[in-house]
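Let's walk through how some helices and strands fit together in this structure. Keep the 3D view open as you read.

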Amino acid sequence: MRQLIDDRARDGQPADPGVEHPDRCVDAGHVISLLSGSGSGRRPHIQSVTRLDRVTSSLLTDRYELTMIDAALRDGRGHERSVFELFARRLPTGRRYGVVAGTGRFLELLQEFRFSGDDLAFLKRERVVHDDTLDWLEGYRFSGDVRGYAEGELYFPGSPILVVEGGFAEAVVLETLALSVFNYDSAVASAAARMVQAAEGRPLSEMGSRRTGERSAIAAARAAYIAGFAATSNLEAGREWGIPTMGTAAHAFTLLYENERDAFRAQVAAMGAGTTLLVDTYDIPTGVENAVAAAGTQLGAVRIDSGDLGIIVDQVRAQLDRLGATNTRIVVTNDLDEHAIAGLRSAAVDSYGVGTSLVTGSGAPAAGMVYKLVAHLGDDGGWLQVGKTSEGKATVGGRKQPVRALHDGAATGEDIYVEDPPIDAAAGRPLLVDLVRGGEADATRLGHDGVLRARAHHAAAIAELPVEALSSPAASPRSPPATSDPRFAPVAPVARASLPSSTPIGLRERRHAPDRAQ
């Protein structure tokens, strides 16, 4: 109860329609009516509740985005045609590639990127920008173009994952939004891809909702599914993105009953013999015995959430077989990550549930991506390359065209051609695709269908990798790219990531001299 609704009225702004009393306050999306009367001792009650399923994305940004716009517009440079790139400077130690995720989410948020009356009133009250900039923000609609790697694609240090072209002001304001989406979603997808590799074909389910924020949990489920996970426990992710959902019961259900067998019988009665019974609330061997007794030999699965899984799983498999439940599957959870999953390859595990390590990127909770201006139109009407020279943070200017180099269908490298030259088909598979044209997003990359498309693309991209790239990663030194151009020499983001094989996959920058007549 921090802010009276009629603050705006006192600032010369109209109050919300329907607000009649100044004692109604706004807090956490609820409209609460305070009971009047001194000394009543009565607690406030909720008179009405307004739930915001989706907040407008315009203020999901940093203040300096708008102050930059304000200064640029006032100086006459705000509408100058500009190109921004989103890329990762480096990969987490031991990783050979990352997975692009979040594209569909970003495109949907971009469509909603509007400054409402409430947003503008807040900016005015806080004196963030001048009034003429507020007028510009009121009519904001992104009208530029966006190209990028297809969602589910693999990326490397320096890969231009997203290329945003438009007026400086309309493009720079998207920086925080784009980075918050791609940094998290790609971190989760990259970790998920490693877990899928470690599982070697056994299905994985995402179960990390209670280990992250309520909205990021949905994003994590989406990213994991794109990277190859089979299902999620999060129902909203199922509704919003069409991801298969799963789940049966937790230990609390077993503890509700006087004994474990009664709990199992109740679950089987409600869900059928094909359900999954959690057998480690008490003693695991007894739990397995009770599970088969309750469901019969057609029991769908047992889940184990504790103990030394490498030993326990094989013991449970032997016990199930002795009891005649030879087709009953074994599901394991218990704080798994890609290393624990790899350690269970030889165990009789049928599927995995992963939570904390997945939604936190398995040690890399953000993908380390940045959003930088790389070119803008100069006074002569030609493109002017721009880039930082800061130590350890230098960037490569110019419009770029990345290509996946292939040999007999296997990826051998990623070549990034600078200055957008024409690329011969023999060079490989072009990586940039149109995502937004003239402010209109490609509808095939949105919603449920967009998720399925991204999942299929990821599977195809993984299939291109040489076998060596799919082995357990190990940290390896990165060397700078071979080039005679001094502008490239100190640049960390375009370092080459090598594999221990004769067909390295990484980054090679090829400089193309621009046609000054263009």
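In this predicted model, the axes of helix α11 (residues 260-271) and helix α12 (residues 284-295) cross at roughly 40 degrees and come within 9 Å. Angles under 35 degrees count as roughly parallel, and α11 and α12 are therefore oblique to each other. The crossing in which α11 passes α12 is right-handed.

Which residues meet where α11 and α12 touch? From α11 come E260, R261, F264, R265 and V268, and they meet T286, G287, E289, N290, A291, A293, A294 and A295 in α12. The residues of this contact divide into six nonpolar, three polar and four charged.

Now to the sheet. Seven strands form an open sheet with antiparallel pairing, in the order β17-β16-β5-β9-β7-β21-β22. Its edge strands, β17 (383-385) and β22 (440-441), each pair on one side only. At the β17 edge, strand β16 (residues 369-377) pairs with β17 in the antiparallel sense over three bridges. If you would like a spot to zoom in on, the bridge partner of H376 is L384 in β17.

Two helices can be placed against these strands:

| Helix | Strands | Angle |
|---|---|---|
| α3 (residues 103-111) | touches β7 (145-149), β9 (162-167), β21 (432-437) and β22 | about 20 degrees with β21 |
| α7 (residues 175-199) | lies across β5 (81-88), β9 and β16 | about 140 degrees to β16 |

Strand β9 is thus a handy landmark: α3 touches β9, and α7 lies across β9 as well.

Technical notes
Residues numbered from 1 in each chain as written. Predicted model: local features only at pLDDT ≥ 70, side-chain atom pairs only at ≥ 80, totals over all residues. Heavy atoms only, no water. Axes fitted to C-alpha atoms, helices over the stretch in contact; angles between N-to-C directions. Helix = DSSP H or I, 4+ residues; strand = E, 2+ residues; numbered from the N terminus. Parallel < 35°, antiparallel > 145°, perpendicular 65-115°, else oblique. Left-handed = near helix turned anticlockwise from the far one by under 90°. Contact = heavy atoms within 4.5 Å. Nonpolar A, V, L, I, M, F, W, Y, C, P; charged D, E, K, R; others polar. Pairing = 2+ DSSP bridges.
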